[in-house]
Structures are given as C-alpha cells and as structure tokens.
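Please work through the exercises below with the model open beside the text. Each task is followed by a solution that goes step by step.

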Amino acid sequence: MNFRTLASIATLLAVFTAPGQAETFPSKPITIIVPFAAGGPSDVLARALADKMRATLKETVVIENVTGAAGTIGVTRAVRSPPDGYTLSFGHLGTHVVNGAIYPLPFDLVNDLDPVALLGANPMLVVSKNAIPAKTFKELIAWLKANQAKATLGTAGVGSGAHFSGVFLQNLIGTNASYVPYRGTGPALQDLVAGQIDIIVDQASNSLPQVQAGTIRAYAVTDSKRLPALPDVPSVDEAGLPGFHVSLWSGMWAPKGTPKEVIAKLNESIRAALGDPAVQKRYAELGLEAPAENQRTPEALRAHQKAEVEKWWPVIKAANVKP
Ligand code: MLT
C-alpha cells in the first residue's frame with residue numbers, strides 16, 4: 001500500500017474520530033520531534049516552550065531528538081506519524097524550506113504537514129575559534145581566502161541553518177572551504193570551543209553564551225542591525241558584507257489531517273508560552289525575537305513558509321547544493 005493511500009486512510013480515520021478526540025485532547029503525552037542534537041539551538045528553544053505548554057495543556061510534553069541528514073530524518077518521522085496531535089514536528093527555515101530544494105523528499109514540506117505556530121527567529125552569528133588570527137570580519141574573510149584549502153566550517157548537515165548560511169557566505173566572498181557536518185550545532189559548537197574546527201555561521205541563540213564567556217570570537221550578525229544582547233558585535237552591513245542577511249525562524253507543525261480543534265489547542269498553548277514573562281526573558285537572553293501578535297496563527301506560519309520557499313529555493317538551486 002503506497003504512502004498516498006495510507007495518508008488518505010489516516011485522514012479519513014482522523015475525520016471520523018476527530019470530534020470526540022478533539023474534545024478530550026490531550027489525553028496522553030505529546031511528543032515534539034526535534035530533528036537536531038540535544039543542547040543545540042533548536043532543542044533549547046523547543047524545551048523552553050514545552051515547559052510552558054505542559055502547564056496549559058495539563059499533559060506531559062516530551063522532546064524526542066531524532067537527528068540526521070540536516071533534520072530530514074526527524075521531519076520524515078513526524079510526517080509519517082498519526083494526525084492526532086500527539087506527535088509534533090519542530091523545525092525551521094532549514095528543515096521545512098531549504099531541505100525541500102536539496103533532498104528528494106518523499107513528501108511535500110508545505111502540504112504534508114499542518115502548521116501550528118511560528119515560534120520566533122534569530123539572526124546568524126559568524127563565529128570562530130579564538131586561535132584564528134583575525135579580529136574583524138574583513139580580517140576573517142581575508143584569512144578564509146588565504147586558508148580555504150584547509151579551513152573548516154561546522155554545520156548540522158547539508159541544508160541546515162549553519163550549512164546554507166555558510167554556503168551563502170562563501171558564495172558572497174568567493175571561497176570554497178570545506179564543511180564538517182555534526183548532528184546539530186550544539187556538538188559543533190563544542191568542537192569550535194575546543195579548536196577542532198575553525199568557523200560556524202551559527203544561530204545567535206546557540207553561540208551567544210560562548211561569545212559572552214570569551215571562549216570563541218564573534219565577527220558579525222547576519223542582519224542590518226546589531227543584537228541587543230551583543231552590542232559590540234557589528235551587523236554585516238557595518239562589518240563590510242552588506243546584504244548577507246539570514247534570519248533563521250522556527251516553527252511547529254503537525255502531521256497532515258490533524259483535527260483543526262486540536263491544532264487550535266496546540267496553537268493556544270504555544271501563544272500562552274510566547275506570552276510568558278520567563279519565556280520572553282529567555283528569548284531576550286538568547287537573541288531570539290518572538291513573532292508579532294498577528295503572526296501567531298497557523299495560517300501565518302503557512303503563509304511565511306510558502307513565501308520563504310519562493311525566496312530561498314531559487315538561491316539554493318542556483319548554488320547547486322547536493323545532499
Ligand atoms: C540545531 O539545533 O542544531 C540547529 O538548528 C542546526 C542548524 O540548522 O544549524
């Protein structure tokens with residue numbers, strides 16, 4: 001029986017059982033599949049929200065890290081889960097947009113998942129190990145040009161945020177240094193601190209604490225403005241690479257066919273979490289920006305995802321990125 005027949009049976013089942021199910025939702029633990037390693041930016045964000053979702057949903061919400069292939073393994077697992085609201089797909093621009101332009105996925109990233117809510121965004125931070133003899137972004141670019149044969153950029157796999165941002169950077173400056181894939185930028189950052197790799201174009205929320213601790217060096221924020229949490233780090237526009245803008249946004253999805261009432265309850269619990277002062281404080285500490293009030297509906301996530309597909313697929317395809 002092929003995937004399409006299975007999906008339509010699952011949707012049919014969902015339709016007939018939906019009313020009773022939605023009323024009692026949730027009646028058992030909910031699993032959020034995070035497609036990257038524990039301790040990394042996606043995991044930290046998902047856990048901060050899950051903490052608060054438990055309170056409003058009055059049910060256990062667990063994080064399951066299903067890693068590999070820049071998140072495609074975890075997302076595939078979520079797509080193939082029952083559409084009942086008990087398995088959710090955490091992801092971002094990389095996993096739910098860019099990967100669709102790179103991997104021959106056996107499903108449609110936009111239409112085979114139902115959007116629940118946008119979760120927030122953060123710019124990327126260009127960071128290096130302290131041993132690199134560069135103090136400014138321009139010096140780092142010169143160092144990379146001179147050492148591209150042996151320089152290494154840490155990523156979370158082909159298509160991950162750190163990877164496509166690295167490709168974007170290298171395309172702009174005309175270098176071709178190699179990428180070292182990890183199961184997430186959590187472990188990649190550990191190796192950067194240890195000096196095993198040279199550079200990461202990393203989510204600010206991941207590198208920020210290490211930059212503040214002085215264990216790695218930051219050169220620029222991939223935005224037109226600085227991060228309040230890192231006032232001394234210039235924007236790429238100030239640092240000499242105007243236009244190298246990347247905002248890595250994250251979202252939550254459910255398998256296609258999940259009852260609307262269930263999606264509404266999940267969306268409500270995420271909105272409550274985004275409105276929670278402790279979560280807002282955590283976001284500020286990590287350089288994360290919560291979505292605007294009118295961007296917190298499931299429809300807003302779908303519209304944003306579609307717009308980002310239109311924006312990024314031509315760029316990724318032009319860069320001829322292969323898995
Ligand atoms: C992670 O949590 O490891 C990141 O989201 C990976 C990435 O896409 O850079």
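Two exercises follow, on a helix pair and on aromatic rings.

The model is predicted, so local features need pLDDT of at least 70 and side-chain atom pairs count only at pLDDT 80 or more, while totals for chains, interfaces and linings use all residues. Residues are numbered from 1 along each chain as its sequence is written, and side-chain values use heavy atoms, without hydrogens and water.

**Exercise 1.** Determine how α7 and α8 are oriented to each other.

Solution. Helix α7 (residues 185–193) and helix α8 (residues 204–213) pack at an angle of about 25 degrees, with axes 10 Å apart. Angles under 35 degrees count as roughly parallel, and α7 and α8 are therefore roughly parallel to each other. Thr185, Gly186, Leu189 and Val193 of α7 make the contact (heavy atoms within 4.5 Å) with Asn206, Ser207 and Gln210 of α8.

**Exercise 2.** Classify the ring pair of phenylalanine 164 and tryptophan 312, and place both residues.

Solution. Rings of Phe, Tyr and Trp (its six-membered ring) pair if their centres lie within 6.5 Å, and planes over 60 degrees apart count as edge-to-face. For phenylalanine 164 and tryptophan 312 the centres are 5.2 Å apart and the planes 65 degrees apart, which is edge-to-face. Phenylalanine 164 lies in helix α6 and tryptophan 312 in helix α12 (residues 298–318), 148 residues apart. At 3% relative accessibility, phenylalanine 164 counts as buried (under 20% relative accessible area, 1.4 Å probe, protein chains only), and tryptophan 312 counts as buried at 4%. Finally, ring pairs link Phe164, Phe168, Phe244 and Trp312 into a cluster.

Methods. Axes are lines fitted to C-alpha atoms, for helices over the stretch in contact, and angles run from 0 to 180 degrees between N-to-C directions. Helices (H or I, at least four residues) and strands (E, at least two) are DSSP runs, numbered from the N terminus. Angles under 35 degrees count as roughly parallel, over 145 as roughly antiparallel, 65 to 115 as roughly perpendicular and the rest as oblique. Rings of Phe, Tyr and Trp (its six-membered ring) pair if their centres lie within 6.5 Å; planes under 30 degrees apart count as stacked, over 60 as edge-to-face and the rest as tilted. Buried means under 20% relative accessible area, exposed over 50%, partly exposed in between (1.4 Å probe, protein chains only).
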